[in-house]
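Subject: Structure for you to look at

Hello,

Here is the structure I said I would pass on. Please open it first, then read the notes below it.

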Amino acid sequence: MPTVVVVGDGQLARMMHTEAIELGLHTRLLAGSEDSSAAQVFGDVRLGDYTNLEDLQEVSRGAAAVTFDHEHVPNEHLEQLIDANVAVEPRPEALIYAQDKLEQRRKLESLGVPVPDYAPIDSVDAAKSFWERHEHRVCLKTTRGGYDGKGVWFPDSLDEFVELVDDMLGQDIVLYAEEKVDFVRELSAMVARTRSGEMRVWPVVESRQTDGICHVAIAPAPDLSTQLARECQNLAKLIARKLDVTGVMAVELFEYKTETGTAVSVNELAMRPHNTGHWTQDGCLTSQFEQHMRAVLDFPLGETEMVAPVTVMVNVLGGEEDPEMPMERRVKEVMLRYPEAKVHLYGKDWRPGRKIGHVNVTGYDVVSTRKLAAHAAQFLVTASWT
């Protein structure tokens, strides 16, 4: 069976490895440290730096495919791997639109995909002009490197906006601004695509955030019309095809009100398994992690049908304090009270707000399923049922 190299040592790589084992694949990891989330479980771990070409070349030797658990590998290095006949999936021509949000906005707009109004911010004058055009409804972002609420600001005044822009431009940080969308909720449409062009989509989910971090994913998104759900899935397939994406991609969307109902615009793209797809581990016939392995190897894709009417994922985010009760005991307590809950931990130490795991629960109605998942995840955080 082929070897798949995963560059990046976080929980996404860890969960890819689980599915790769079941498929009989050999997996190799490029990790930054031996105690990282993924390095704890991979059998073949190479320590190195993903920004170092020699480390990338060494880990890629003999690989049937090289893929990622983040989008930050320098594209010039990936081009050199491709020139040496290494199958890099997704390819840098697609990854650029997950790496650079301003380029992403420009590309999506050129494809006719709905996005919020935006503009590059390369001067204080440009900032003032954008602020005035949108009547104070402004979001400022770094074009690269932002995630989980980092690299994103919502200034309350023009003075605050100008001060932010002036400070970051002075640090040579590339910025853009977009209109702050008055959205009803956030949705996520996930798609997998092979190099041969086969595609599969999962049901559209509703995601709920805490401090810019995805906290809850509800599948399928409650009360989402069939028409709008199909539109979201078709957008995901269009983007995957036009950008020539290989592997799993998440299309995060804003749903907002219109005069005739609701519509969507694209918020972000992620070209890898994604937090809003963790529910597929226990809620679908084929998880996003197995599908990603299949896709990057150009294997036939799996069925994405749900195994229950509802699945809810709740992230386990480190609280302000780490309880004295050992995590092992907390897990056992959750198993005793909620045997239907599926606990997934990442092998990470506690830190406030840090993603240290998630809980998946399948059920028959949204209210009870979400309550159970939230209760189980909260106990893992606080060691208390109250």
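**Helix H4 and its cover**

In H4, the buried residues are Pro92, Ala94, Leu95, Ile96, Tyr97, Ala98 and Gln99. Please keep in mind that this is a predicted model. H4 runs over residues 92-99, and seven of its eight residues are buried, so that the helix is mostly covered because of them. What lies over the buried residues of H4? The cover includes strand S4 (65-68), helix H3 (75-83), helix H5 (101-110) and strand S14 (262-270).

**Two residues of strand S4**

Strand S4 is part of that cover, and two of its residues can be described in some detail.

Ala65 lies in strand S4. Ala65 is buried, at 0% relative accessibility. Leaving aside neighbours within four places in sequence, Ala65 is in contact with Thr3, Val4, Val5, Ala87, Val296 and Leu297. Where is Ala65 in relation to Ala263? These two residues are 198 residues apart along the chain, and their C-alpha atoms are separated by 38 Å.

Thr67 also belongs to strand S4. Is Thr67 buried or exposed? Thr67 has a relative accessible area of 0%, and it counts as buried because the cut-off for that is under 20%. A polar atom of the Thr67 side chain lies 2.8 Å from the backbone oxygen of Glu89. Glu89 is also among the contacts of Thr67 when neighbours within four places in sequence are left aside. The others are Val4, Val5, Val6, Val7, Met16, Pro90, His292, Met293 and Val296.

**The annotated binding site**

Which residues does the UniProt annotation "binding site" cover? According to that record, an unreviewed entry, they are Lys101, Lys141, Glu178, Glu179, Lys180, Val181, Glu186, Asn267 and Glu268. Two of them are taken up here.

Glu178 is found in strand S8 (residues 175-179). With a relative accessible area of 2%, Glu178 is buried. The side chain of Glu178 makes a polar contact with the side chain of Lys141, at 3.2 Å. Lys141 is itself covered by the annotation. Not counting residues up to four places away in sequence, Glu178 touches Lys141, Asn267, Arg105, Pro116, Asp117, Tyr118, Phe130, Arg137, Val138 and Cys139. Asn267 is another of the annotated residues.

Val181 sits in the loop between S8 and strand S9 (183-193). Val181 has a relative accessible area of 17%, and because this is under 20%, Val181 counts as buried. Apart from neighbours within four places in sequence, Val181 is in contact with Pro116, Arg137, Phe254, Tyr256 and Ser265. Pro116 and Arg137 are also touched by Glu178.

**The second largest pocket**

The second largest pocket holds about 280 Å³ of space. It is lined by 16 residues, and the closest to its centre are Thr210, His215, Asn315, Leu317 and Gln378. Which elements each supply at least two residues of this lining? They are strand S12 (213-219), strand S15 (310-317) and helix H12 (366-382). H12 gives the most, with five residues. By type, the lining divides into eight nonpolar, six polar and two charged residues.

Regards

Methods
Residues numbered from 1 in each chain as written. Predicted model: local features only at pLDDT ≥ 70, side-chain atom pairs only at ≥ 80, totals over all residues. Heavy atoms only, no water. UniProt positions renumbered as here; feature names shortened; annotations may be inferred. Helix = DSSP H or I, 4+ residues; strand = E, 2+ residues; numbered from the N terminus. Buried < 20%, exposed > 50% of the residue type's maximum accessible area, 1.4 Å probe, protein only. Contact = heavy atoms within 4.5 Å. Polar contact = N/O pair within 3.5 Å; in protein donor to acceptor, adjacent residues only side chain to side chain. 1 Å grid on protein atoms, 1.4 Å probe; cavity = no way out; pocket = protein on both sides within 12 Å on 5 of 7 lines; lining within 4 Å. Points joined across faces, edges and corners; volume = space filled by probe spheres on them. Nonpolar A, V, L, I, M, F, W, Y, C, P; charged D, E, K, R; others polar.
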